[in-house]
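Me: I have a new structure open and would like to talk it through with you. Let's start with one term and go from there.

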Amino acid sequence: MNTQSFLMRHNGKIKQNLQTTMKMHIGSGLHMRLQSILRKHGFEVEKRVERKTALGFNIVGKVDVYDKEENTIYELKYTHHDKLDNVRLNNYLRQLNYYIEMANAMAGYLIIVHADGRVEEIKRDWSETDLERRANAFGISVEENILPPRKAKPDSECMECPFYNYCWVRK
């Protein structure tokens, strides 16, 4: 479960600092440009995928790029980091695996574009994930208005979260 997702639902949008906003705009611009090019070549972009859990919670996502002919998805990421740490990389790969499962795709690729122009490509084949379990736990947390448990200790994801002080500086 994600504490940030829970708090965003309750507190609404958070004002980001200028540096974070600039990085987000670069990533968004790159997404839009790549998707525009790929759309012209027959790929589906921003493909909506949905799944209902056994407990009735609806999971919705948008796959960046979908290749109908190959039944393959592509998840695009931009980073200003020289190398992604394990926390970020694992989060990106989990998202990719969830999208593969939700789209019932054969495979997916995580495409990471670095600020220096390097491009990494990581392939994953379909496999069952913990999506159902995590979605149900999060849905129950939201319905019952119970803050999900925070991580054992702050990691790189926490350090960049606008709710860092809420989780780690509380008295």
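Reply: Contact here means heavy atoms within 4.5 Å. Counting contacts in the protein chain between residues at least 6 apart in sequence, 59% join residues at least 24 apart.

Me: Good. Before we go on, what sort of model is it?

Reply: This is a predicted model, in which local features need pLDDT of at least 70 and side-chain atom pairs count only at pLDDT 80 or more, while totals for chains, interfaces and linings use all residues. Residues are numbered from 1 along each chain as its sequence is written, and side-chain values use heavy atoms, leaving out hydrogens and water.

Me: Now the fold: how many helices and strands are there?

Reply: The protein chain has six helices and five strands. Both are DSSP runs numbered from the N terminus: helices are H or I with at least four residues, strands are E with at least two. From the N terminus on, the order is α-α-β-β-β-α-β-β-α-α-α.

Me: And what percentage of the residues is buried?

Reply: Of the 171 residues in the protein chain, 37% are buried. Buried is under 20% relative accessible area, exposed is over 50%, and partly exposed is in between (1.4 Å probe, protein chains only). The protein chain exposes about 11,000 Å², and carbon and sulfur atoms supply 52% of that. Those areas come from the Shrake-Rupley method with a 1.4 Å probe, and for residues only the protein chains shown count as cover.

Me: Let's go inside. Which residues have the most contacts in the largest nonpolar core?

Reply: Val49, Ile73, Leu96, Tyr99, Met102 and Leu110 do, in a core of 20 residues. Such a core is a set of buried Ala, Val, Leu, Ile, Met, Phe, Trp, Tyr and Cys residues joined through side-chain atoms within 4.5 Å. Two or more residues each come from β2 (58–67), α3 (86–103), β4 and α4.

Me: Which of those gives the largest share?

Reply: Helix α3, with eight residues.

Me: What does Ile73 touch in there?

Reply: Leaving aside neighbours within four places in sequence, Ile73 contacts a long list, including Val63, Val65, Leu96, Tyr99, Ile100 and Tyr109. There is also a second, separate core of six residues, among them Val65, Leu76, Tyr109 and Ile111.

Me: Switching to rings: how many aromatic pairs turn up?

Reply: Two, over the whole structure. Rings of Phe, Tyr and Trp (its six-membered ring) pair if their centres lie within 6.5 Å; planes under 30 degrees apart count as stacked, over 60 as edge-to-face and the rest as tilted. Phe43 and Tyr74 have ring centres 6.4 Å apart and planes at 85°, so that pair is edge-to-face.

Me: Where do those two sit, then?

Reply: Phe43 is in the loop between α2 (18–40) and β1 (44–52) and Tyr74 is in strand β3 (residues 72–79), so the pair ties together parts 31 residues apart in sequence. Phe43 is partly exposed at 22% relative accessibility, and Tyr74 is partly exposed at 23%.

Me: What about the pair of Tyr74 and Tyr109?

Reply: Tyr74 and Tyr109 are stacked, 5.3 Å centre to centre with 10° between the planes. Tyr109 lies in strand β4, so its pairing with Tyr74 in β3 ties together parts 35 residues apart in sequence. Tyr109 is buried, with a relative accessible area of 18%. Ring pairs thus link Phe43, Tyr74 and Tyr109 into a cluster.

Me: Next, which ring does Lys47 lie over?

Reply: Lys47 is over the face of Tyr66, at 4.8 Å from the ring centre. The rule there is NZ of Lys or CZ of Arg within 6 Å of the ring centre and within 35 degrees of the ring normal.

Me: Backbone now. What is the phi of Glu46?

Reply: Glu46 has a positive phi of about 55° although it is not a glycine. Glu46 is in strand β1 and is partly exposed, with a relative accessible area of 35%. Asn145 also takes a positive phi of about 55°, just after α4, and lies in the loop between α4 and α5 (156–159).

Me: Since you mention α4, what is its span?

Reply: Helix α4 (residues 131–143) has 13 residues and reaches 18 Å from first C-alpha to last, close to the 18 Å expected at 1.5 Å a residue. That expectation is 1.5 Å times one less than the number of residues. Buried residues in α4 include Leu131, Phe138 and Ser141.

Me: Last one: where is Ala115?

Reply: Ala115 is in the loop between β4 (107–114) and β5 (119–125), partly exposed at a relative accessible area of 48%. Not counting residues up to four places away in sequence, Ala115 touches Tyr78, Thr79 and His80.
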